[in-house]
Amino acid sequence: MKGEEQKTNLPRVLVIDDEVAIQRFLKTALDTGDYSVHLADSAHAGLAAAVGVRPDVILLDLGLPDLDGVEVIRRVREWSQVPIIVISVREREDEKVQALDAGADDYLTKPFGIGELLARIKVVLRRSLQQAPEPVFEAGELRVDLPHRRVTVRGEEVQLTPTEYELLRMLVTHAGKVLTHSQILRQIWGVAYLEQPHVLRVNISNLRRKIESDASRPRHILTEAGVGYRLKSE
Amino acid sequence: MSKSDGTSTLETAVLRSRPHSAWYGGAVGYAASSALVALATLLCDQARPYLSPVNMVMGYLLVVVLAALFLGRRPALLSALLGVLAFDFFFVPPRLSFQIADKEYLVTFLALFTVGLVISSLVAKARESLDALRVRERQTASLYRLSRDLAAATDTASLAKAAVANLEDSLGGQVALILGPEEELALAAASQGFTMVPETLLVAQWCLRSRRLAGAGTDSYGSDRLTYVPLKALAETHGVLALGLEEHDVGLDVELQRLLNTYATQIAMALERLRLLRQAQETRILKERENLERALLNSISHDLRTPLTAITGALSAVLEEGDKLNTASRDELLQTAREEAARLNRFVGNLLDMTRLQAGVLQLKKEPCDVQDLIGTALATVEPRLAGIAVSVRLAPELPLVSLDFVLMLQVLVNLLDNALKHAVAGGELEIAARVVGERLEIGVADRGPGVPEADLARIFEKFYRTPVPEVVGGTGLGLSICRGIVEAHGGSIRAERREGKGLRIVVEVPLGIAAEGIADEG
């Protein structure tokens, strides 16, 4: 499983998937000079490769024959913070939430295009490389200045409630990454609010009204149906 | 199941008794006729000063007629005989002796006796046929009641109950209906207090197998306390009617057997009718399912093959003819392949949704949902297919959070938008509107496409319905029926209406649910 180019400086991508067609597609699409690709066709082979290859990012299919994908995430997380991007199908929202709550960084829904995949890999790699988050987040007309707690849209300052600001700050520090409902509720409101999803809905709705130019067609805070929210980073 | 005719015990007894009933026969009849003769003798004795003995014969004749009318044939004969003797003893000189002074009186005796004989037999015959007529009339009435109640029954259980109630009423005694094929005979209904003992089942099985009467009053299993009548229909025997008749020691006469068989036939025919009805229904359901499956197969093979053909064609063109193609046409082909793959993916998604809906495994995960978020997410999902089409969103102010399964309702909106997009032309527009009406949320998705004929408005939610428009539109005919399934699972409804001017509007209504809190500022 170990590639010869292990010593090169290219970021190493470990693909754990038992489908030959997917392996072939990912290998071809990623192996274009930007990444070195390593393949594992089972959960156990993948766990071994995670130790041997020391990948910079893991692409994990949740439907593996020998072990539940969520369990693979837990085992990797016992000793490593390597970014994990999960590959799942539309009907399995629960599975995605479980994987994210277990420590996966992001997910892709089958079928997906290579552009989407490359964008996700770029986001998780950038975040895992940088030590502290960027102090200022900018996307389109939205600008969030963390040190000064200043949020502006088209240069105009937006007044946010403390909760709305905390919510936005959490999204900004995880820009590009999907955050599950329970992850947000736990961090902003505390464990007691895990069963109170409406406070999250109401605050997201209010936040959108303040920072989106059309709250019915949001460009910044995107909803991941049945999973959570994602702040678009570019 | 009415027995409102108020049939009295007397009548029910008459219903199944022989015309010459035990009630009037026997000692009572003879005693009554003797009393009548005695009474006539007393009266004649009082009239002796005024009447000649010969005319007293008329009094005795009257007695014979009365006895024949009310007491039957034999008491009448007795009264004729007693009349002759009394006349001789009390009135023919020498009185108080059987001796006859004038031998002419022998003619009077003979005439009195013969006339008595003839009258009694004639009158009795008339009465017997009247009795028989009455019995038949009552039997007909009870059969009519039975057939009426059986016809009203819509299932085996109510039919059995009606039959038991009716026969109880008509025959008196206990009644039980044991139904089923031989191996699984079981009590379907019975009189109160009836208990099924193993022997009963045994005799019932024999009766069913042999298709003959059994039990009390018959030659087979005559010692059983019940009489068993097979419920014979044309081809099969549906079960057994078990009856606790009172006179089981005496054999069942032909009349009663005929009656019981008539009852049994009525019940058997009713059971047969129910069975055929059930069969017809099953056949219809089966046929409908077959049609559906055929439509499904057609749809699947069409909707899977069309995009696959396009993908295969495009990819093989790029692979095999790649050198001859310029970049633009290469891109065009690959673009086609990708779009068709996306379409294939949507179709497979719909197929899975349909399967889950039909299998009944769909579990709603209701949570408070922001309607604006729902609509925004749906629009983001169809974004790549929105090219050149304007979408206007009209939301009522202060929409509350609504208790919904976000993912499934998103699927509904995406399907509705996809459907509207199919009919939209470049530069066209779609309209989404949401508002609260009473205790319900109403979301409408409207297009300016060709619309749907008025007559088809309700049909568009049926599986595999496709609008009668050119083939280019495509579509699986599944999307809207999935929408209906999901909306109905939410306790809501979906309908289609024609828009003023042109186009179609689909309106979804769902209950607000308990999450109906204001979305006003908080925190």
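**Exercise 1. Count the helices and strands of chain A, then describe how chain A is packed.**

Step 1. In this predicted model, chain A holds 8 helices and 12 strands.

Step 2. Now turn to burial: 38% of the 234 residues of chain A count as buried.

Step 3. For the contacts, keep those in chain A with a separation of 6 or more; residues 24 or more positions apart account for 57% of them.

**Exercise 2. Work out which parts of chain A touch chain B.**

Step 1. Start with the totals: 22 residues from chain A and 27 residues from chain B take part in the contact.

Step 2. On the side of chain A, the elements giving two or more residues are helix 8 (197-211) and strand 11 (221-224).

Step 3. Helix 8 of chain A gives the most to this side, with 8 residues.

Step 4. Finally, sort the chain A side by residue type: 8 nonpolar, 9 polar and 5 charged.

**Exercise 3. Check whether the end-to-end distance of helix 9 of chain B fits its number of residues, then look at its buried residues and what follows it.**

Step 1. Helix 9 of chain B covers residues 327-359, which is 33 residues.

Step 2. The expected span is 1.5 Å times one less than the number of residues, so helix 9 of chain B should span 48 Å.

Step 3. The end C-alpha atoms of this helix are 48 Å apart, which agrees with the expected span.

Step 4. The buried residues of helix 9 of chain B are B:Leu333, B:Arg343, B:Phe347, B:Asn350 and B:Asp353.

Step 5. Just after this helix comes B:Gly360, with a positive phi of about 70 degrees.

Terms used:
Residues numbered from 1 in each chain as written. Chains lettered and ligands numbered in written order. Predicted model: local features only at pLDDT ≥ 70, side-chain atom pairs only at ≥ 80, totals over all residues. Helix = DSSP H or I, 4+ residues; strand = E, 2+ residues; numbered from the N terminus. Buried ≥ 20, exposed ≤ 12 C-beta atoms within 10 Å, placed from the backbone. Contact = placed C-beta atoms within 7 Å. Nonpolar A, V, L, I, M, F, W, Y, C, P; charged D, E, K, R; others polar.
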